[in-house]
Amino acid sequence: MSRVFNFSAGPSCLPEEVLKECAAEMLDCNGTGQSVMEMSHRSSAYEPIQQDAEKMVRKLMNVPDNYKVLFIQGGGSTQFAMVALNLGIKSGKAAYINTGVWAKKAAAEAKKLGVKVDVIASSEDKNFSYIPKVEKIEGDYDYAYICYNNTIMGTHYEYIPETGNIPLVADISSCILSEPLDVSKFGLLFAGAQKNLAPAGVTLVIIRDDLITETPRSGTPTMLTYKTHADADSMYNTPPCYTIYVLGKVMHWIEKNGGAEGMLKLNKEKADYLYNYLDNNDFYHATAEKGSRSLMNVPFLTKYDGDKATEINKKFVKEASEKGLINLAGHRLVGGMRASIYNAMTLNGVKTLVEFMKEFAAKN
């Protein structure tokens, strides 16, 4: 069977070039006679792999020297707790901007752990179809929290809130290295790997040194303490070696394709192509408002409502899948369809999708 175009929100498609490299090295990586899956994480065979992955993250994201790069397990959802446990320890207060499911879950987790959460802005009034404009955040907050790109709702921050001395925390899981980002404007960034970096299994955390505390909230487990991982160079316990190995290869692929700037150019071309079609026909429409639209996740609806919409959506997803365009079903909170067009999705994939959309609209 030929390769499909995978529009999944995650785990998502990986660059074919990287997959082929991994396949070629599956039984013998770097002349060791073994797979990375089999290597001891403390061996001379594996350690350079993880060191190279960190070096490439630092290079491509221009990570300042006073930040640690950590590889942590548990996904982005575990970071909801780690952020609260490690950062919410002075005033015990934090500011959250609610832009949808993931920001909401992060706030709920912080509350559960005893942090006083102030939701200082929300786009819930329009089903999270836009990003609220909060240019400045002030107050005695331990940190401010945003979800920079919202996978489900297809929205994205086109600005970075000014927070002064308040550390800004951002979940960048679904947009990491899709565009340049000034790391120095944040206290902590984290990203689950399974969208733009690697298979699921590792979460990349970039944290400023002064936020790595000796004393997190009382009762914090050892594994949920940033200092544990920082002191051990992300090897306190066995890391997800293979996922980190793939992440390193993806970093080199990104560098070869122009780095974050090259990714932005490609991603804008893909997103513009799809949004231009959505904005200039009478059968489909994008759900995210202009000025807040994601380059990575594009939810869209048809002109139909109610039962007819449900019927048409199912038909669209089924017929698209038969054409090799898979995982296009929208999230239940938005409905319709969603095309996730991460770094590894090609322009050809997006153009093939739009051609199918045109054919489908003509028939229905």
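A nonpolar core is here a set of buried Ala, Val, Leu, Ile, Met, Phe, Trp, Tyr and Cys residues joined through side-chain atoms within 4.5 Å. In the predicted model described below, the largest such core comprises 93 residues, of which I172, I206, Y284 and F316 touch the most other members. The greatest contribution to this core comes from helix 6, spanning residues 241–256, which supplies 10 residues. Apart from the largest core lies another core, of 25 residues, which includes L70, F80, Y96 and I207. In soluble globular proteins, nonpolar side chains tend to be buried together.

The surroundings of I172 were examined with its neighbours within four places in sequence left aside. Under this restriction, I172 is in contact with M61, Y148, L181, L189, F190 and A191.

At the level of the whole chain, the secondary structure consists of nine helices and 14 strands. The radius of gyration is 21 Å, close to the 21 Å that the globule rule gives for 364 residues, so the protein chain is as compact as a globular protein of that length. Along the principal axes, the C-alpha atoms fill a box of roughly 60 × 55 × 30 Å. Among contacts with a separation of 6 or more, 69% are accounted for by residues 24 or more positions apart.

Burial and surface composition were also computed. Of the 364 residues of the protein chain, 55% count as buried. The exposed area of the chain is about 15700 Å², and carbon and sulfur atoms supply 49% of this area. The chain carries 40 positive and 42 negative charges, and the mean positions of these two sets are 4 Å apart.

Several backbone features were identified in loops. The peptide bond joining G10 and P11 is cis, with omega about -5°. P11 is located in the loop between strand 1 (5–6) and helix 1 (16–24).

Positive phi values are found at N127 and at F128, neither of which is a glycine. For N127, phi is about 55°; for F128, phi is about 60°. N127 is placed in the loop between strand 4 (116–122) and strand 5 (143–147), and F128 likewise lies in the loop between strand 4 and strand 5. With a relative accessible area of 42%, N127 is partly exposed, as this value falls between the 20% and 50% limits. F128, by contrast, has a relative accessible area of 6% and is therefore buried, the cut-off for burial being under 20%.

Technical notes
Residues are numbered from 1 along each chain as its sequence is written. This is a predicted model: local features need pLDDT of at least 70, side-chain atom pairs count only at pLDDT 80 or more; totals for chains, interfaces and linings use all residues. Side-chain values use heavy atoms; hydrogens and water are left out. Helices (H or I, at least four residues) and strands (E, at least two) are DSSP runs, numbered from the N terminus. The radius of gyration is taken over C-alpha atoms; the globule rule is 2.2 Å times the number of residues to the power 0.38. Buried means under 20% relative accessible area, exposed over 50%, partly exposed in between (1.4 Å probe, protein chains only). Contact means heavy atoms within 4.5 Å. Accessible areas come from the Shrake-Rupley method with a 1.4 Å probe; for residues, only the protein chains shown count as cover. Lys and Arg count as positive and Asp and Glu as negative; His and the chain ends are not counted. The place of a charge is taken as NZ of Lys, CZ of Arg, CG of Asp or CD of Glu.
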